Amino acid sequence: MENKIILGVDNGNAYTKSSEGFSCQSGFTKSDVESITKQNLLIYQGVYYSIGNNRSSVQLDKTRNQDAFILSLAAIADAINKAGIEPKADVLLGVGLPIIYYGKMKHKFREYFIRDNIKFSFNGSDYAVNIVDCRVYPQGYAAFINIYKDYKNVSVANVIDIGGYTTDFFIVENGIINTASCYSLPNGTITLFASIQQELLKININLTEKQIQDIILGKQPVLFDADINKMIEIKAREYVENLLTKILEYGFEFRNPTIIVGGGGMMLKKYIESSDRVKYIENLDQFANARGYKILLEQELRR
């Protein structure tokens, strides 16, 4: 094919994001019959997937089923549309894994995506693509690559990537990752949502993760009394303080600059910034990892 797309996709447990700004909740409704709307509808191998209308259960090994691949097809269609090219393309994909799984699973994750003659429909348009190559990069460090030039002369900085299921953190020294400082905790924002939902169920209130997220972000989409919002804010603040305490236990020093990465970091930004523990913070948005995957992939292709 003449068209070529180079794309970074961040297959998070909470959200799937792309280097081109695509974002959807990491889940779908699957059906053998067409739904009433084509919006976010993906059709692949005769099956109908309504993309992003829920979140699938946490998956440590995303190669065990088609979910991450299906969600990535939606990101690929979005990238093709934004590039304004014919819907037939060869795709070079950059993806990532949490640091602790990177060495063990990167080859398997790479092979999972590489496929030829993929035909699908998304939002009513047909696509034919080959994923001709895929490269896998460490999550968090890929996000840091976006600002590498700003920190290449900084002796020590912390990087904390708060995702849906894991929180990954490590130290960079003059812009180079200290591999002995890489840790991952199963304390992503999904655990925060679950603890809030359990608390709310005690008073017979059932909120979705999206509703809780909007309240944390101050969007106030749900008309509950102020006590409910206050309880959610208290739980969010406790989550941040507990997370920072755990990271300190691994020997990190928060007087050094701290770079906060990931959708969880964006959602909890005001709580992190108001904490007395962290002295200097730089926040990267939820697309930073996906952009980093694309940057690293482009660097590899130029060699």
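Q: How do the residues in the lining of the largest pocket divide by class?
A: Sorting a lining by class is a handy way into a pocket. Here 17 residues are polar, 13 are nonpolar and five are charged. Please keep in mind that this is a predicted model.

Q: How much space lies in the largest pocket, and which residues lie nearest its centre?
A: Let us start with the idea behind the search. Rolling a probe the size of a water molecule over the atoms reveals where empty space remains. In this model, the largest pocket holds about 590 Å³ of space. Its lining numbers 35 residues, and A14, Y15, K17, G263 and G264 are the ones that lie nearest the centre.

Q: Which helices and strands supply the lining of the largest pocket?
A: At least two residues each come from the strands β1 (4-11), β2 (15-18), β7 and β10, and from the helices α2 (99-113), α5, α6 and α8 (263-267). Among these, α8 provides the largest share, with four residues.

Q: Now to the closed spaces. How many cavities of 30 Å³ or more does a search of the whole structure find?
A: The search turns up three. The largest has a volume of about 110 Å³, and the second largest has about 50 Å³.

Q: What lines the largest cavity?
A: Its lining consists of N11, G12, N13, T16, S26, S56, S57, Q59, K62, D67, A68 and L71. Helix α1 (residues 67-83) makes the largest contribution to this lining, three residues. By class, eight lining residues are polar, two are nonpolar and two are charged.

Q: And what is the lining of the second largest cavity like, by class?
A: Here the split is 10 nonpolar residues, with no polar and no charged ones. The residues to select in your viewer are I160, I162, Y239, V240, L243, L244, I247, I260, L268 and I272. Strand β10 (157-162) and helix α7 (226-249) each give at least two residues to this lining, and α7 gives the most, with five.

Q: At what angle do helix α5 and helix α6 pack?
A: First, the general idea. A pair of packed helices is described by two quantities, the angle between the axes and the distance between them. Helix α5 (residues 189-201) and helix α6 (residues 209-216) pack at about 100 degrees, and their axes are 10 Å apart. Angles of 65 to 115 degrees count as roughly perpendicular, so α5 and α6 fall in that group.

Q: Which residues of α5 and α6 meet?
A: On the α5 side you will find I190, L192, F193, I196 and Q197, and on the α6 side E209, I212, Q213 and I216. This contact is made up of six nonpolar, two polar and one charged residues.

Q: Why is α6 described as largely enclosed by the rest of the structure?
A: The thing to look at is how many of its residues are buried. Six of the eight residues of α6 are buried, so the rest of the structure largely encloses this helix. Those buried residues are E209, I212, Q213, D214, I215 and I216. Their cover includes β2, β3 (23-25), α5, α7, α8 and α9 (269-273). After α6 comes G218, which has a positive phi near 80 degrees.

Q: Is L93 buried or exposed?
A: L93 has a relative accessibility of 0%, so it counts as buried. This residue sits in strand β7 (residues 88-97). Leaving out residues up to four places away in sequence, L93 touches L7, V9, F113, I131, D133, C134, R135 and L297. For a sense of scale, L93 and N13 are 80 residues apart in sequence, and their C-alpha atoms are 18 Å apart in space.

Q: Last, backbone angles. What is the phi of N117?
A: N117 is not a glycine, yet its phi is positive, about 55 degrees. N117 belongs to strand β8 (residues 115-122), and with a relative accessibility of 56% it counts as exposed.

Q: Where is the place of N123, and what is its phi?
A: N123 lies in the loop between β8 and β9 (125-138). Its phi is near 55 degrees, a positive value in a residue other than glycine. With a relative accessible area of 38%, N123 is partly exposed.

Methods:
Residues are numbered from 1 along each chain as its sequence is written. This is a predicted model: local features need pLDDT of at least 70, side-chain atom pairs count only at pLDDT 80 or more; totals for chains, interfaces and linings use all residues. Side-chain values use heavy atoms; hydrogens and water are left out. On a 1 Å grid over the protein atoms alone, a cavity is a set of points where a 1.4 Å probe fits but cannot get out, and a pocket is an open set with protein on both sides within 12 Å along at least five of seven lines; lining residues have an atom within 4 Å of a point. Grid points are joined across faces, edges and corners, and a volume is the space filled by probe spheres set on the points. Ala, Val, Leu, Ile, Met, Phe, Trp, Tyr, Cys and Pro count as nonpolar, Asp, Glu, Lys and Arg as charged, and the others, Gly among them, as polar. Axes are lines fitted to C-alpha atoms, for helices over the stretch in contact, and angles run from 0 to 180 degrees between N-to-C directions. Angles under 35 degrees count as roughly parallel, over 145 as roughly antiparallel, 65 to 115 as roughly perpendicular and the rest as oblique. Contact means heavy atoms within 4.5 Å. Buried means under 20% relative accessible area, exposed over 50%, partly exposed in between (1.4 Å probe, protein chains only).
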